[in-house]
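Colleague: I'd like to learn how to read the packing in a model like this one. Could you walk me through it?

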Amino acid sequence: MSEGIKRRDFLKVLGVTGAGAGLVGCSTDRVEKLMPYVTPPEDITPGVATWYSTACGECSAGCGVWVKSMDGRAIKLEGNPNHPISGGALCARGHSSLQALYNPDRVTQPMQRNGDEFEPIDWETAEGILTNAIQDAGSATRFLSGRVGPSLSALMDEVVAEIGGERVEYEALSEAPLREAVRIAFGRDEVPHFDFESADLILSFGADFIETWLSPVEHMRGFARSSGVDDTDGSKTRFVFLGSRLNLTGQNADDWYPIRPGSEGAVALALANALVQRGADAGPYNSIVQGYSLSAAAEQAGIPQDSLEELVDHLSAAEAPLILGPGVAGQHRNATASNLAAMVLNAVSGAIGSTVHFDQSLTGAATRPYSELFGLIEEMAGGSVQALVLHGTNPAYSLPPAAGFREAIEGVGFKVAIVSQMDETAELADLVLPDRHYLESWGDSNPRPGLWTVQQPAMRPVPHFDSRPCGDLLLSLASRLGADLGAETFHDYVRNRWSDLHADAGSPVGTFDVFWRQVLRDGMAELPTDAAAQVSLQSPDRALTFDAPALDGDEDGHVLVVYPSSRFGDGSGANRPWLQELPDPVSKIAWHSWVEIHPDTASEMGVRKGDIVRLRSPHGEVELPVFTYPGVRADTVAVAMGSGHESYGRYAEGKGVNPMRLLPAEQEQPSGALVHLATRVEVEPTGRHRRLATIEGSDQTYDRPIAPAVALAELGQGHGDDHGGYDLQELQAMGGFVPVPTEGRPQDYPLPGAQYGDYDPAENARWSMAIDLDKCTGCSACVTACQAENNVANVGEDQIMMGRDLHWIRMERYYETVDATAPGPVDVRFVPMMCQHCGNAPCEPVCPVYAAYHTPDGLNGQIYNRCVGTRYCANNCPYKVRVFNWYGFSDVPEPMNWQYNPDVTVRSEGVMEKCSFCVQRIRQVENRATVEGRDVRDGEVVPACQQSCPAEAIVFGNIRDPESRVAQVVENERTYRVLDVLINTQPAVNYLRKVTFHPVDDIHV
């Protein structure tokens, strides 16, 4: 810090966390008396976690989170179970926030440009330079910011008003066409709430609601609840995906209509027309939909007409359908029209009011159009901008080069970047001011009407970085300019705004101080709002074209789909090794980019997986390795955003390519959004090949009992007999000399003859897990949650290519039915594979040093300091879930090691490691129950994977307790254990088969 705080000093004060962290300065002489650490403060006990409620700052969804702090360090994020959006779950990007907090590439102190380099300066000098530049520029000052919370946004507007300048917001992943379509259709300038849980039929024209679209965690929870089979009545929501590429969302569909890119509007209006002919009403759009027949739409989309007629039947039969537009990847030159067509189909099919709600509109959704930034670029290029303040956005990376942002910013006299990490835009600035991470700062969010979430610091600022909150910096700037905004710190500013909210809401729960303390504890407040008026279709106020748009490039080329990365979003998460090493849910590739090409197309080109090809559009070219993917049309290729950084830190620079350089910088009309689906590309083999950094393995099960499924119509016909119906005898009775019959169930461990000493089933639990594959979406949030909880190290691209990943959970993906040539069923199955904690574990008897053993409560344990690394256990494990720590991967640069969970051993090189069912959480709950003189309650032990899962697919507990949820779930007829019927490992992990609408081959499990 400015007073030169050292790590030893920081350790003296690390107990001052939470609300206090925002109020105490950085100088140790002010706080060291609070904590001579041999006498801990009252609000912290060494070794005992403290939890703080805050708001996740990773995307616009506004999830509420809990932050686990140990000894003053934030070490784990979890979803706030009381928050209606997160519901207790959290995505992989949310978990990775900790690696942004402790990232060694954060800006360490203010820096001023000196020629081509930056030189460090102190904060007093930096603020003086900033103030003088803003004073000189006056009304020629512009603020360019990304998405920020309502309080910080209000403060920015106040400061800009005092200066007399203007503020522009830019969001790289903007749903501006959806918002404009809703305004045209219903006269509401907002994004409605989409109720997946209530839907009985879901149609998506490309929207990736499981990955990046609007509110993925909330959408995934609702989707899993509706699409997961209800075992009480056998109901299940049908999901139909219409698009040229199966994203992760599409892989979870029941049917895939591989329509041509850009044909969404014509198909949606043709479906609406067919419903109108059956008696529905399109209101003012009746005459428009009459111009779109099923035959014409089928021809435009490149699919048979009878497939669309079948879809009309589904829509007619549905009581609560839900139709979604194309999303960012499908934002072509007629994107607003396509979204409008989806809204018209929602209205015609009766979705408005049942699954599409305007009383819970998404007020925090990213919907700012690119056209606003385009206007600023023109101003900068014209020399009318004298000072530019940048915060929370990176247009130099996320815009196509044709936008001219880099060239235009050179015409600005003074540029200041308020950032936490140097990125491509900050590299162009004259002054760089280090911003605080959201886990160190005050703020708030308002994701929907009446729902307010407070963002409070969960720890003191990381002392390696001399940073200041953007809010405090703006208030200091305003003060230096002679303006009084009514607050000295941003904490005070936020409190003042919340005080006004409290008063406007009628002062709930009494005084503001009482209300504020409750908000800090709960993390949120739900305040009353005015009831939303009912909506109906309105006459369009402008002419739109619903047909497929024109595309740049040669007609013989392949349509280029540039889609948001489920890991990196627009690229802001690229400098986090957790996300870089997390295999992409679709391709299973990590650390680098790839291009998806249909296998038939690749065969025609003479290329195979891993061959490097050159993609050339009229706007640029890139080189990428090929990933042959049956889930993309033969006339289409696809590349993910988010990679290819030139300046963003050691984990991002040089990793992959940026596909935005293949696109034009064109605005979609009338929304003003940036067009992403705009061009065709030539695909040219280079003759070079590279090894892919992938964990994919085989994408087929070959009829092995790994990921079986059952047709919905077959439920109730006795499939549950399979999982225990084979004749098996084990040498266990009388000390292992007499065979006993067994079904190999987890609750039967240990068998008679092994129930001696500590292994008495009457005295011990048998911890077990059940995973419903009909709910699992393959999102991989569990993988990153496990990594954060259990100190699982990253190994890097080279080691991944050698198959040496250390993840304790492997998200396996198997193709059963994927056909890009015609509409029909799609069947992709996901299996989260972790240590199965086998009752008859093959790894245990082969360990020469007894490092692998079984605990009395049924866990397959691993004694790290006994392991000598023979790897016999890994060779003998049929599930391949034991990983070997080849090198000192845990030796990470400071302060990234501050994230390590002190309750879990940090493994050194040369040992085997694997899933432990989060044994530290089990023991903590058991110890607490012992102290309180009671038994462990069902549901009290929640491993990290279960806690994080947005789909609620995982259940954990003591299977010996017949009243436990896991014991009841495994009695389901869909239950099976992977490979157990073949190798008799008697796993403690039970899986429930996926349920399909189409017939499937029965596999004996």
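Modeller: Sure. Contact here means heavy atoms within 4.5 Å. Keep in mind that this is a predicted model. Take Phe196, leaving out residues up to four places away in sequence: Phe196 touches Ile202, Phe209, Trp213, His219, Gly222, Phe223, Ser226, Leu322 and Leu324.

Colleague: Where does Phe196 sit, and is Phe196 buried or exposed?

Modeller: Phe196 is in the loop between strand 8 and strand 9. Buried means under 20% relative accessible area, and Phe196 has 1% relative accessibility, so Phe196 counts as buried. For a sense of distance, the C-alpha atoms of Phe196 and Asp254 are separated by 15 Å, with these positions 58 residues apart along the chain.

Colleague: Two of those contacts are Phe residues. How do I read a ring pair?

Modeller: Look at the centre distance and the plane angle; planes over 60 degrees apart count as edge-to-face. Phe209 and Phe223 have ring centres 5.4 Å apart and planes at 65°, so this pair is edge-to-face. Phe209 lies in the loop between strand 9 and helix 7 (216-227), while Phe223 is in helix 7, so the pair ties together parts that are 14 residues apart in sequence. Phe209 is buried, at 0% relative accessibility, and Phe223 is buried too, at 3%.

Colleague: How many aromatic pairs are there by that rule?

Modeller: The count is 25 aromatic pairs. Ring pairs also link Trp442, Trp452, Trp498, Phe512, Phe515 and Trp516 into a cluster.

Colleague: What about the nonpolar core?

Modeller: In soluble globular proteins, nonpolar side chains tend to be buried together. The largest nonpolar core in this model has 168 residues, and the members that touch the most others are Phe194, Leu271, Phe917 and Tyr991. Helix 9 (residues 264-277) gives the largest share of this core, 10 residues. Another core lies apart from it, with 47 residues, among them Leu431, Leu473, Ala478 and Leu485.

Colleague: Which residues does Phe194 contact, beyond its neighbours within four places in sequence?

Modeller: Phe194 is in contact with Leu178, Trp213, Leu214, His219, Leu322, Leu324, Met343, Thr355 and Val356.

Colleague: Leu178 is in helix 6. How many residues of helix 6 are buried?

Modeller: In helix 6 (residues 176-186), 9 of the 11 residues are buried, so the helix is largely enclosed by the rest of the structure. The buried set is Ala176, Pro177, Leu178, Glu180, Ala181, Val182, Ile184, Ala185 and Phe186. These buried residues pack against strand 8 (193-194) and helix 13 (335-349). Just after helix 6, Gly187 has a positive phi of about 75°.

Colleague: Now the sheets. How do I read those?

Modeller: Strands of a sheet pair through backbone hydrogen bonds, either parallel or antiparallel. One open sheet here has 5 strands in the order 12-9-10-11-31, with mixed pairing. Its edges are strand 12 (321-324) and strand 31 (824-825), each pairing on one side only. Strand 9 (residues 201-204) runs parallel to strand 10 (residues 238-242), with 4 bridges, and Leu201 stands opposite Arg238. Strand 9 is also joined to strand 12 by 4 bridges, again parallel, and Ile202 has Leu322 as its bridge partner.

Colleague: Which way do the side chains of strand 12 point?

Modeller: In a regular strand the side chains alternate between the two faces of the sheet. In strand 12, Pro321 and Ile323 point one way, Leu322 and Leu324 point the other way, and all are buried.

Colleague: And which strands close into a barrel?

Modeller: A barrel is formed by 6 strands in the order 20-24-21-23-22-25, with mixed pairing. Its neighbouring strands are turned by 45° against each other on average, direction ignored. Strand 20 (residues 558-563) and strand 24 (residues 636-640) pair in parallel over 5 bridges, with Val562 opposite Val639.

Colleague: Can we finish on one residue of strand 24?

Modeller: Try Ala640, which is in strand 24. Ala640 counts as buried, at 11% relative accessibility. Leaving aside neighbours within four places in sequence, Ala640 is in contact with Tyr563 and Pro659. The C-alpha atoms of Ala640 and Glu596 are separated by 9.3 Å, although these residues are 44 residues apart along the chain.

How values were computed. Residues numbered from 1 in each chain as written. Predicted model: local features only at pLDDT ≥ 70, side-chain atom pairs only at ≥ 80, totals over all residues. Heavy atoms only, no water. Core = buried A, V, L, I, M, F, W, Y, C linked by side-chain atoms within 4.5 Å. Buried < 20%, exposed > 50% of the residue type's maximum accessible area, 1.4 Å probe, protein only. Helix = DSSP H or I, 4+ residues; strand = E, 2+ residues; numbered from the N terminus. Pairing = 2+ DSSP bridges. Axes fitted to C-alpha atoms, helices over the stretch in contact; angles between N-to-C directions. Phe/Tyr/Trp six-rings, centres within 6.5 Å; stacked < 30°, edge-to-face > 60°.
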